[in-house]
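The exercises below are meant to be worked with the sequence and the coordinates open side by side. Each one sets a task and then goes through its solution step by step.

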Amino acid sequence: MGITGRDLFLIAPELALVVAATVVVLSGLVSRQRQLTLGLALLGLAATFAFGIALWGDVHANGTQSAFNHSLVVDKFALYIKFLVAGTAALVLIAGSEYAERFRPYESEFSGLVLFSASGLMLLAASADLITIYVSLELATLPVVALAAFVRMRVAPIEAGVKYLLLSAVSSAFLLYGFAFLYGASGTMQVVSSGSAPTIAQSLAAGTAAVPFGGLAVMAGAVLATAGFGFKLSMVPFQMWTPDVYEGAPTPVGAFLATASKAAAFAVVLRLFYEALGGSSADWSTLFAALAAITMTIGNLVAVVQSNVKRLLGYSAIAHAGYMLIGVAAVTAHGQDTPDAAGISSVLFYLSGYAAMTLAAFFAVLVLTQRSGDERIEAMAGMGRRAPLAALALAVALLGLTGIPPTVGFMGKLFLFNAAVNSGLVWLAVVGAVNSVVSAYYYVGIIRTMYLRQPTGDNTPIPVAFSGRLALLVTLAAILVLGLWPSGLLEVARTAASGLVS
Amino acid sequence: MLTAITFLPMIGAALALAVRGSTRTTRLIALTTVLAELGLTISMYVIFSAEGDVYQFVQRAPWVSAFGIEFLMGVDGLSAPLVLLNGILGVAAVLVSWRVETRVREYFMWLLLLQGAVMGVFASLDLILFFIFWELELVPMFFLISIWGTGRRDYSAMKFLLFTFLGSAFMFAAILALYFSFPAGERTFDMTALIHKDLTNLIVPSSLVFSGFLVAFAVKLPIVPLHTWLPDAHTDAPTAVSVMLAGVLLKMGGYGLLRINAGMFPEELARAAPLLATLAVVNVLYGAFIVMRQTDLKRLVAYSSVSHMGFVVLGLASVGAGAAQLDGTGLNGAAMQLFTHGTITGLLFVVVGLVYDRAHTRHIADMGGLSGRMPLIAIGFMVAGLASLGLPTTSGFAAEIMVFLGTFPAYGLATALCAFGVVLAAGYILWTAQRTMFGPPLERWAHLEDATRVDVAAMGVLVVPIFLFGVYPALLTDVFDAGIAPIIASFAQGLGG
């Protein structure tokens with residue numbers, strides 16, 4: 001079966017990004033104007049959005065589509081993640097456009113790499129078989145390795161880049177090994193049902209009940225895949241790299257890694273486990289529930305003693321991976337056997353809210369540290385007066401991450417814990433809620449430093465470029481608007497989620 | 001109307017922050033807001049009919065329909081007086097803030113936001129909405145204490161935040177467990193519907209759900225041993241915040257206990273009654289004995305709050321008498337105590353604040369003979385003090401006598417011990433009055449000035465309800481009765497008559 005025009009239409013959002021990335025990189029040869037690079041990149045992202053909306057309409061009318069001989073699937077779930085990734089990339093590029101001056105003479109490469117990585121993340125969400133998952137993952141990861149090490153004259157970014165490279169390689173190895181087991185047990189690579197070839201779920205239907213996951217090979221495959229994805233998710237015990245890389249990498253890269261990358265990783269985990277291993281959901285639900293509890297507890301407890309803001313955001317990212325794993329673990333409704341969309345939709349909703357809050361936090365840190373380069377929490381003293389907008393955005397983002405209304409963080413946690421209680425995991429909701437209390441201590445600590453402490457040294461206002469202000473305002477508005485009127489996005493998330501369990 | 005009552009202070013808060021005028025302009029904006037708010041709450045209270053529907057002024061709009069979360073507001077006999085109380089205290093709080101000079105616009109913004117959030121707590125009938133307002137109130141409190149406070153304000157603000165947040169974590173889990181205990185379609189966060197449901201067979205044992213709520217409200221009330229945040233928060237908070245904290249924030253705890261623990265879980269409450277009676281005795285006596293040892297005037301009033309909140313717990317324990325003997329006097333007394341304590345302790349904090357503003361000390365040993373220098377403030381102190389120790393014709397007496405009468409049949413010994421708390425209260429109040437207000441005038445206080453007109457207004461706003469409801473308590477009790485009656489009915493039903 002050859003490639004048809006239809007196939008190309010179905011991956012048009014990704015194609016637009018790849019084209020834009022190429023053009024952006026090439027444009028760097030001609031002109032080094034910041035506005036030009038940013039304009040081209042945003043044009044590409046706008047095309048991505050346009051195609052995405054067209055595809056949403058198409059899927060809405062004609063149902064789920066598959067492309068390239070069933071190796072890619074275009075459903076609302078994938079499209080939801082694509083919108084999220086593209087939106088995140090756009091905001092990162094806008095907020096980082098001034099910061100990118102430091103990458104001179106490679107500013108356009110910076111934008112290009114972000115776009116390449118975004119296209120990989122979008123393909124990841126749409127992958128329908130194990131090979132495509134793996135290839136997309138590499139496409140998404142390798143540009144980030146380069147991005148993390150982008151500032152050449154300092155040691156920390158290079159260390160971050162190398163660390164990310166090595167651990168990505170290790171996690172990919174785990175993942176491949178796991179996939180090999182899954183293939184061996186089922187005889188197929190297909191995750192999402194296709195025309196002719198049987199899917200993993202269908203081939204595994206007849207397993208023995210005595211062994212978890214219905215067979216040792218499947219269990220090994222599932223556990224190894226969990227480990228492999230665990231790196232991407234910053235899930236304990238595979239979280240070690242997160243704070244180091246977030247701290248060392250350029251701030252916009254950290255923002256991208258914390259949000260877009262994590263969203264796609266959650267998407268593929270949800271798809272693999274719900275679609276391919278849905279039959280043994282009771283087993284992996286327990287696994288993920290335990291991992292969720294451990295991940296958020298460790299993330300929050302270690303975050304308490306941090307003194308560097310970006311490092312703290314790294315631990316906070318770990319903790320939030322734990323919260324979102326609650327949604328992964330909340331498979332079935334209490335007292336029922338069939339998977340329920342509540343968990344998936346809560347994760348999807350939270351991913352969006354988390355992206356808004358984390359981007360706001362990173363962008364604010366970007367603004368607050370750009371002059372001094374001092375990332376210690378003490379250095380935030382007096383920022384409430386020196387940079388009112390950035391401080392406000394950071395404060396609201398941190399209150400949101402704590403889970404205090406009326407932010408999207410509260411609503412997100414409400415839906416996650418809802419899903420947990422819905423599937424009988426009341427204890428997990430309690431662990432999550434108590435964890436929020438621990439997190440209040442360090443999040444509010446930063447707010448307190450910003451507003452209540454007098455700055456020790458420099459006391460002059462920090463100027464914020466228009467691009468930075470725009471990114472801060474957009475994320476700030478998203479946090480509050482989604483916190484007050486969550487229904488719209490929640491409905492979209494539920495529609496997107498329902499495709500995985502039907 | 002309740003929506004207006006809830007959001008008016010928030011609009012006022014936005015205005016106070018947005019209008020860049022003089023300090024005077026900001027104060028006037030704040031004062032206008034709280035006066036309008038008081039007007040609204042008074043008219044709400046007057047229109048509220050004790051003979052009418054259980055829930056009045058109900059407003060209902062879908063919000064997050066996927067989870068059945070509604071924007072549902074309304075008041076019943078239980079919450080209407082507390083809404084009024086919040087209206088009264090808001091005025092007092094703004095008036096005693098007249099001398100705030102630092103970051104004035106922010107200050108009044110947070111203060112008004114606080115009032116609005118507390119209004120939301122009392123006016124919400126949807127559990128999630130209730131919870132949202134409950135959490136919302138933390139943020140203004142945190143900033144008010146840590147920016148405008150004194151002493152170890154950072155520590156106290158954080159302690160307050162973490163204690164309350166921990167309590168509400170349990171409440172959150174309890175709310176969700178309550179919601180998912182019903183099959184899809186019957187799930188609701190609507191308190192007016194939940195109160196009629198059978199909540200004995202839940203997704204987790206209903207005693208756990210009950211305890212989740214109990215812990216959250218016990219932190220807020222506070223019940224010993226979860227009280228340790230309170231003296232710190234009170235001592236280091238600015239005067240107006242102490243007034244709001246003692247006046248209405250603690251009442252949120254008592255309100256929650258009555259509305260949710262008593263209203264929805266009568267069996268569990270009846271089972272917990274012996275424990276509550278014991279805790280009440282500990283609260284009252286421990287609090288009172290600690291008061292005796294205090295050298296800081298504000299800390300003294302704070303611990304007296306702990307002691308007095310014990311009476312609320314004792315009133316709740318009255319349900320241990322069994323459905324047959326239960327006539328609601330105890331619960332009514334507990335609710336009444338919430339209201340009266342709000343005005344009385346609010347007034348005490350106002351007076352302490354006024355003294356501190358002038359003398360710049362709260363150390364009791366340094367004071368003495370102040371009444372000669374500032375007679376009006378001394379009068380305020382005596383009114384509050386005498387009401388606090390339960391002098392007849394003040395509202396403090398009415399509330400306490402009802403608690404004792406209601407609970408005596410159930411727990412005679414506990415009631416007797418708590419009544420001893422009243423004796424102790426008489427002791428420490430009079431002793432404190434003697435040490436601070438009376439005695440020979442001291443030379444170093446000769447320059448002190450008496451209350452200004454604004455200060456008198458702040459005290460007057462609180463003195464009026466103390467006497468009004470003391471002389472004619474039926475104004476309050478009739479309304480509370482209307483709110484307590486359904487709870488009593490559910491006891492009769494739940495405990496098998």
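**Exercise 1.** In this predicted model, explain why E275(A) and R271(A) are separated by about one helical turn, and state how their side chains meet.

*Solution.* Begin with the positions: E275(A) and R271(A) are four residues apart in helix 11 of chain A, which means that about one helical turn separates them. Next, turn to the side chains, which meet in a salt bridge with an N to O distance of 3.5 Å; this satisfies the cut-off of 4 Å that defines such a pair. Finally, set the pair in its context, since a search of the whole structure finds 28 salt bridges over all chains.

**Exercise 2.** Determine how helix 4 of chain A and helix 11 of chain A pack, giving the angle and the axis distance, and then describe the contact by residue class.

*Solution.* Helix 4 (residues 76-96) and helix 11 (residues 251-276) of chain A pack at an angle of about 175°, and their axes are 9 Å apart. That angle makes helix 4 of chain A roughly antiparallel to helix 11 of chain A, because angles over 145 degrees are counted in that class. The residues in contact include F77(A), I81(A), L84(A) and V85(A) from helix 4, and among those from helix 11 are F256(A), A260(A), L270(A) and R271(A). Sorted by class, the residues of this contact divide into 15 nonpolar, three polar and one charged.

**Exercise 3.** Carry out the analysis of packing for helix 5 of chain B and helix 6 of chain B.

*Solution.* Helix 5 (residues 127-136) and helix 6 (residues 138-148) of chain B pack at about 10°, with 5 Å between their axes. The two helices are therefore roughly parallel to each other. The contact is formed by W134(B), E135(B) and L136(B) of helix 5, which meet L138(B), V139(B) and P140(B) of helix 6. By class, this contact has five nonpolar residues, no polar ones and one charged residue.

**Exercise 4.** Describe the interface of chain B and chain A, beginning with its buried area and ending with the classes of residue on the side of chain B.

*Solution.* The area buried between the two chains is about 3200 Å², and carbon and sulfur atoms give 79% of that area. W63(B), F67(B) and F165(B) together supply 17% of the area that chain B buries against chain A, more than any other three residues. Counting residues, the contact takes 35 from chain B and 39 from chain A.

Then consider the polar interactions: the rule finds two salt bridges across the interface, and E106(B) and R385(A) meet through their side chains in a salt bridge at 3.8 Å, N to O. Five residue pairs are in polar contact across the interface, counted with both residues at pLDDT 80 or more.

Strand 1 (56-64), helix 5, helix 6 and helix 7 (153-180) of chain B are the elements that give two or more residues to the side touching chain A, and helix 7 gives the most, with 14 residues. By class, this side of chain B has 28 nonpolar, two polar and five charged residues.

**Exercise 5.** Locate the cis peptide bonds that join P405(A) to P406(A) and L221(B) to P222(B), and examine the phi of F57(B).

*Solution.* Most residues other than glycine have a negative phi, and most peptide bonds are trans. The cis bond between P405(A) and P406(A) has an omega of about 0°, and P406(A) is placed in the loop between helix 16 (388-402) and helix 17 (408-422) of chain A. For the cis bond between L221(B) and P222(B), omega is about -10°, and P222(B) is found in the loop between helix 9 (206-220) and helix 10 (229-236) of chain B. The phi of F57(B), a residue other than glycine, is positive, near 55°, and F57(B) lies in strand 1 of chain B.

Key: Residues are numbered from 1 along each chain as its sequence is written. Chains are lettered from A and ligands numbered from 1 in the order in which they are written. This is a predicted model: local features need pLDDT of at least 70, side-chain atom pairs count only at pLDDT 80 or more; totals for chains, interfaces and linings use all residues. Side-chain values use heavy atoms; hydrogens and water are left out. Axes are lines fitted to C-alpha atoms, for helices over the stretch in contact, and angles run from 0 to 180 degrees between N-to-C directions. Angles under 35 degrees count as roughly parallel, over 145 as roughly antiparallel, 65 to 115 as roughly perpendicular and the rest as oblique. Contact means heavy atoms within 4.5 Å. Ala, Val, Leu, Ile, Met, Phe, Trp, Tyr, Cys and Pro count as nonpolar, Asp, Glu, Lys and Arg as charged, and the others, Gly among them, as polar. Buried area is the accessible area (1.4 Å probe) that two parts lose on being put together, summed over both. A polar contact is a pair of N or O atoms within 3.5 Å; within protein, one must be able to donate a hydrogen and the other to accept it, and residues adjacent in sequence count only if both atoms are side-chain atoms.
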